[in-house]
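Subject: Structure for your review

Dear colleague,

I am handing over the structure we spoke about, followed by an account of what was found in it. Please read the notes with the coordinates open beside them.

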Amino acid sequence: MSQSPTPQYLLAWKGATSGPFTLAQIREQLVAGEISRMHHAQVEGRWVSLDELLSAGEASERRAAAAQEARLRQADQGRIEAEQAQQEELAAAERRSQLLPPEARRPPVPPPPPTIRVAPHNFTPPPRADYNPLAASPQRTSGFAITAFVCAIANFVPFLNFVSWVLALVFGHVALNDIGKDPTLGGRGLAIAALIITYFLLILGLTFVVLMAVNGQKVF
């Protein structure tokens, strides 16, 4: 907001004019003795005595000071009224809160933040109760077990049985040893069946030889 310019006045004494001067400058010159109250001042196109100018200036300054004081009082009154309205609003809110049940008066408690558990880098999750490592990995049949079973069947073939029983025993035990070391390896049933057949025929053959020897018969 722009301020109005400070009024300035021309001074006259014995036909000579000087200025223009502001009211404050005129007062300073009076105090310094540079001018006297016998000087005249031009106000709105007419000449008046310096006393009239100073009296009018003082009255104008008093009116301006009164107006400024009134504005300050009005501003203070507005601030006071705003503070009173705010206090009344807070009091009304407090009265409303007293009407609520006790559990509704307390501010809601925020839920605790979720706990994030970080597993160590070498953490291995435990297996499920129904977890079967053999079922989880692909099964493959041992070649030694298949070979042992084939050799065991060959024990029923004449002339082949002279060699097949040895191969059946060797391949059967090798197959069981490999299957015991590798859970993903199948064919345990074939290896056991080959060993049972071979041992049964071997025991049966040895029994036959012993009986023939006891009866005094030639075996070969």
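Which element of the protein chain has the lowest mean pLDDT, and which the highest? Helix H4, covering residues 133-136, has the lowest mean, at 51, while the highest, 91, belongs to helix H5 at residues 143-154. Please keep in mind throughout that this is a predicted model; the protein chain averages a pLDDT of 77, and 77% of the residues score at least 70.

Overall architecture

The protein chain contains seven helices and six strands, and, read from the N terminus, these elements follow the order β-β-α-β-β-α-α-α-β-α-α-β-α. Of its 220 residues, 18% count as buried, and the accessible surface comes to about 17,300 Å², of which 63% belongs to carbon and sulfur atoms. Among the contacts with a separation of 6 or more, 53% are accounted for by residues 24 or more positions apart.

Nonpolar cores

The largest nonpolar core is made up of twelve residues, namely Tyr-9, Leu-11, Phe-21, Leu-23, Ile-26, Ile-35, Ala-41, Val-43, Val-48, Leu-50, Leu-53 and Leu-54. Two or more of these residues come from each of strand S1 (8-13), helix H1 (23-32), strand S3 (40-43) and helix H2 (50-98), and H2 gives the largest share, three residues. As a view of the packing around one member, Ala-41 touches Leu-10, Leu-11, Arg-46, Trp-47, Val-48, Leu-50 and Leu-53, when residues up to four places away in sequence are not counted. Apart from the largest core lies another one, of five residues, including Ala-148, Cys-151, Ala-152 and Ala-168.

Salt bridges

The count of salt bridges comes to four, and three of the pairs may be worth a look in your viewer. In general, side chains of opposite charge can pair when their charged atoms come close.

In helix H2, the side chains of Asp-76 and Arg-79 meet in a salt bridge with an N to O distance of 4.0 Å, and these two residues are separated by about one helical turn because they stand three residues apart in that helix. Arg-79 also forms a salt bridge with Glu-83, for which the closest N and O atoms are 3.4 Å apart; here the spacing is four residues in helix H2, so that Arg-79 and Glu-83 are likewise separated by about one helical turn. Asp-76 counts as partly exposed at 38% relative accessibility, Arg-79 counts as partly exposed at 44%, and Glu-83 is partly exposed with a relative accessible area of 38%.

Between Arg-140 and Asp-182 there is a further salt bridge, with the closest N and O atoms 2.9 Å apart. This pair links distant parts of the chain, since Arg-140 belongs to strand S5 (residues 140-141) and Asp-182 to the loop between H6 and strand S6 (185-186), 42 residues apart. Asp-182 is partly exposed, its relative accessible area being 21%. Returning to helix H2, the salt bridges that share partners join Asp-76, Arg-79 and Glu-83 into one network.

Tyr-199 and its partners

Tyr-199 is found in helix H7, which spans residues 188-214, and is partly exposed, with a relative accessible area of 37%. Not counting residues up to four places away in sequence, Tyr-199 touches Leu-169 and His-173. With His-173 there is a polar contact of 3.0 Å between the two side chains, whereas Leu-169 lies 30 residues from Tyr-199 in sequence and 8.1 Å from Tyr-199 in space, taken from C-alpha to C-alpha.

A backbone detail

Where does Phe-159 lie? Phe-159 is placed in the loop between H5 and helix H6 (161-181), and its phi is near 70°, a positive value in a residue other than glycine. Is the Phe-159 residue buried or exposed? Phe-159 has a relative accessible area of 70% and is therefore exposed, the cut-off for that class being over 50%.

With best regards

Methods. Residues are numbered from 1 along each chain as its sequence is written. This is a predicted model: local features need pLDDT of at least 70, side-chain atom pairs count only at pLDDT 80 or more; totals for chains, interfaces and linings use all residues. Side-chain values use heavy atoms; hydrogens and water are left out. pLDDT is the predictor's confidence in each residue, from 0 to 100. Buried means under 20% relative accessible area, exposed over 50%, partly exposed in between (1.4 Å probe, protein chains only). A nonpolar core is a set of buried Ala, Val, Leu, Ile, Met, Phe, Trp, Tyr and Cys residues joined through side-chain atoms within 4.5 Å. Contact means heavy atoms within 4.5 Å. A polar contact is a pair of N or O atoms within 3.5 Å; within protein, one must be able to donate a hydrogen and the other to accept it, and residues adjacent in sequence count only if both atoms are side-chain atoms. Accessible areas come from the Shrake-Rupley method with a 1.4 Å probe; for residues, only the protein chains shown count as cover.
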